[in-house]
Amino acid sequence: MTTEIDRKIAEEIQAHQNFLIVSHVRPDADAAGSLLGLGLALKQVGKDVQMVLQDGADKFHYMPGVDLITQAPVGKPDMIIVVDCSDPTRVGNVLDNYGKPDLVVDHHKTNLEFGRFNVVEPEQAATAAILFDHIPLWGLAFDADVAACLLAGIVGDTIGFRTSNVNSEVMRKSAKLMDLGADLTQVYSEELVKKPFKAVHYWGAGLNRIEQENGMVWTSLTLADREKVGYAGNDDADLVNVLSSVREAEIALIFVEQPDNEVKISWRAKSGFDVSGIAFEFGGGGHAAAAGADVKGTLAEVKQRVLVATRKLMQENAQN
Ligand code: 5GP
Ligand code: MN
């Protein structure tokens with residue numbers, strides 16, 4: 001169904017030539033896939049498009065068009081689009097010299113609707129799934145490359161169709177993307193199966209100090225761990241997904257030490273829990289089942305504060 005907002009967005013897209021699309025720091029497959037899917041669809045109709053991820057997109061080498069992604073914008077675009085970000089700080093500093101985004105496309109429950117137009121649909125499993133609906137309404141079309149990027153976003157955010165928000169509609173969209181030429185086996189394997197040796201070595205450090213208490217399972221990764229194994233990323237290499245596969249884990253957490261006295265936290269929750277609120281309280285955001293935040297402090301301090309708050313959330317949940 002085309003809404004008034006879709007009609008206005010379509011008009012603005014048609015009227016403008018230079019586009020800047022950005023997404024979040026420490027990009028995941030939905031960030032990169034949504035950025036590329038929309039970017040390639042705009043390029044297809046002759047638009048000039050900058051696609052910018054502050055942290056780059058090397059690990060998404062299997063996505064078509066990934067080489068077009070840069071780490072900083074240049075010049076003055078006519079239209080700025082932010083995908084898969086719930087608040088403006090999530091993009092890092094790439095929009096520091098630019099005004100309010102023209103369009104925000106996102107599926108986070110904690111979205112602050114910080115664009116001139118906001119297409120925010122929290123019930124959707126991925127931003128890529130939202131784009132699947134809206135790309136045709138905005139006067140754009142799919143080709144095999146756009147389809148591959150969008151399928152990569154859906155597979156990434158649903159962890160291979162495993163999250164509780166996966167429904168028949170998500171499966172139908174994915175099937176249509178496959179019909180358009182997206183290769184599910186390749187995307188699945190690149191995103192969820194193959195891991196670099198260094199990432200698995202890095203997991204080892206975290207798995208070594210795994211802890212549990214009444215349905216909470218957590219661990220931490222230090223800067224020293226990263227250095228020891230030579231892991232180049234500043235993330236958890238998706239170890240949190242391993243933690244959340246622990247049968248006893250109602251809520252899994254990971255603490256990843258960052259430079260400059262900061263800790264990145266990821267929460268993963270089983271159905272029946274909502275960790276988006278707690279992430280928001282700590283300055284982050286996300287979904288009921290998966291959320292994150294960057295918190296200032298030492299690893300020990302942040303861990304202590306976050307475990308206290310998460311324990312409280314579990315207790316409140318048990319009472320309701
Ligand atoms: P992850 O734990 O994998 O980084 O993220 C889980 C979910 O929470 C993702 O949808 C992600 O976009 C969101 N998220 C993670 N960290 C932050 C953050 O610092 N701020 C906000 N607003 N959302 C975050
Ligand atoms: Mn997403």
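Let's start with strand S4 (residues 79-83), which is mostly covered, with five of its five residues buried. Buried here means under 20% relative accessible area, with exposed over 50% and partly exposed in between (1.4 Å probe, protein chains only). This is a predicted model, where local features need pLDDT of at least 70, side-chain atom pairs count only at pLDDT 80 or more, and totals for chains, interfaces and linings use all residues. Residues are numbered from 1 along each chain as its sequence is written, ligands are numbered from 1 in the order in which they are written, and side-chain values use heavy atoms, leaving out hydrogens and water.

**Strand S4 and its neighbours**
- Strands (E, at least two residues) and helices (H or I, at least four) are DSSP runs, numbered from the N terminus.
- In a regular strand, side chains alternate between the two faces of the sheet.
- On S4, Met79, Ile81 and Val83 point one way, Ile80 and Val82 point the other way, and all are buried.
- Strand S1 (residues 18-22) pairs with S4 in the parallel sense over four bridges; pairing takes at least two DSSP bridges between the strands.
- S4 also pairs with strand S5 (residues 103-106), in the parallel sense over three bridges.
- Val82 in S4 stands opposite Val22 and opposite Val104 in S5.

**The manganese site**
- The manganese ion (ligand 2) has the protein donors Asp30 (OD), Asp84 (OD), His107 (NE2) and Asp157 (OD), at 2.2 to 2.4 Å from it.
- The pair Asp30, in helix H2 (residues 29-44), and Asp84, in the loop between S4 and S5, links distant parts of the chain, 54 residues apart.
- Donors are N, O and S atoms within 2.8 Å of the metal (3.2 Å for Na, K and Ca), and sites may look incomplete because water is not among the atoms.
- Both Asp30 and Asp84 are buried.
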